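Here's a quick tour of one small question: what sits inside this chain, and what sits outside? Have a look at the model first.

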Amino acid sequence: MTLDNIKPGQGGIISTIGGQGILRRRLLDMGLTPNTKVKVRKVAPMGDPIELSLRNYVLTIRKEEASKIELKEVFSI
């Protein structure tokens, strides 16, 4: 399952980061690395962007970027 399919209040553990080149590097630099717990806090009314909570900070990313992040475990918080 990818991060863009998770509903607010749910979370998961990142398994892989897709994408190529600068996009992939940028996601990794923002702390979206494998084995990191991430929670979806909010989704904008039109579905884009998505607000995430991870590593004790809040991060907002586009839905297109979230679709590149695969989760190995999904849970409700």
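## Buried and exposed

In this predicted model, 36% of the chain's 77 residues count as buried. What the chain exposes comes to about 4,700 Å², with carbon and sulfur atoms supplying 49% of that area.

As for charge, you'll find 13 positive side chains and 8 negative ones, and the centres of these two sets lie 4 Å apart.

## Overall build

Walk along from the N terminus and the elements run β-α-β-β-β-α-β, so that's two helices and five strands. The C-alpha trace spans about 30 × 25 × 25 Å along its principal axes.

Is the chain compact or extended? Its radius of gyration is 11 Å, and a compact globule of 77 residues would come out near 11 Å, so the two agree. Contacts also reach a long way along the sequence: of those between residues at least 6 apart, 59% join residues at least 24 apart.

## The nonpolar core

Nonpolar side chains tend to be buried together in soluble globular proteins. Here the largest nonpolar core has 18 residues, and Leu3, Leu32, Leu52, Ile61 and Ile69 touch the most other members. Two or more residues each come from β1 (10–17), α1 (21–29), β2 (37–43), β3 (50–54), β4 (57–61) and β5 (69–76). The largest share, three residues, belongs to β3.

Which residues does Ile69 touch? Leaving out anything up to four places away in sequence, the list is Met1, Thr2, Leu3, Ile14, Thr16, Ile17, Leu27, Leu32 and Ile61.

Methods:
Residues are numbered from 1 along each chain as its sequence is written. This is a predicted model: local features need pLDDT of at least 70, side-chain atom pairs count only at pLDDT 80 or more; totals for chains, interfaces and linings use all residues. Side-chain values use heavy atoms; hydrogens and water are left out. Helices (H or I, at least four residues) and strands (E, at least two) are DSSP runs, numbered from the N terminus. The radius of gyration is taken over C-alpha atoms; the globule rule is 2.2 Å times the number of residues to the power 0.38. Buried means under 20% relative accessible area, exposed over 50%, partly exposed in between (1.4 Å probe, protein chains only). Contact means heavy atoms within 4.5 Å. Accessible areas come from the Shrake-Rupley method with a 1.4 Å probe; for residues, only the protein chains shown count as cover. Lys and Arg count as positive and Asp and Glu as negative; His and the chain ends are not counted. The place of a charge is taken as NZ of Lys, CZ of Arg, CG of Asp or CD of Glu. A nonpolar core is a set of buried Ala, Val, Leu, Ile, Met, Phe, Trp, Tyr and Cys residues joined through side-chain atoms within 4.5 Å.
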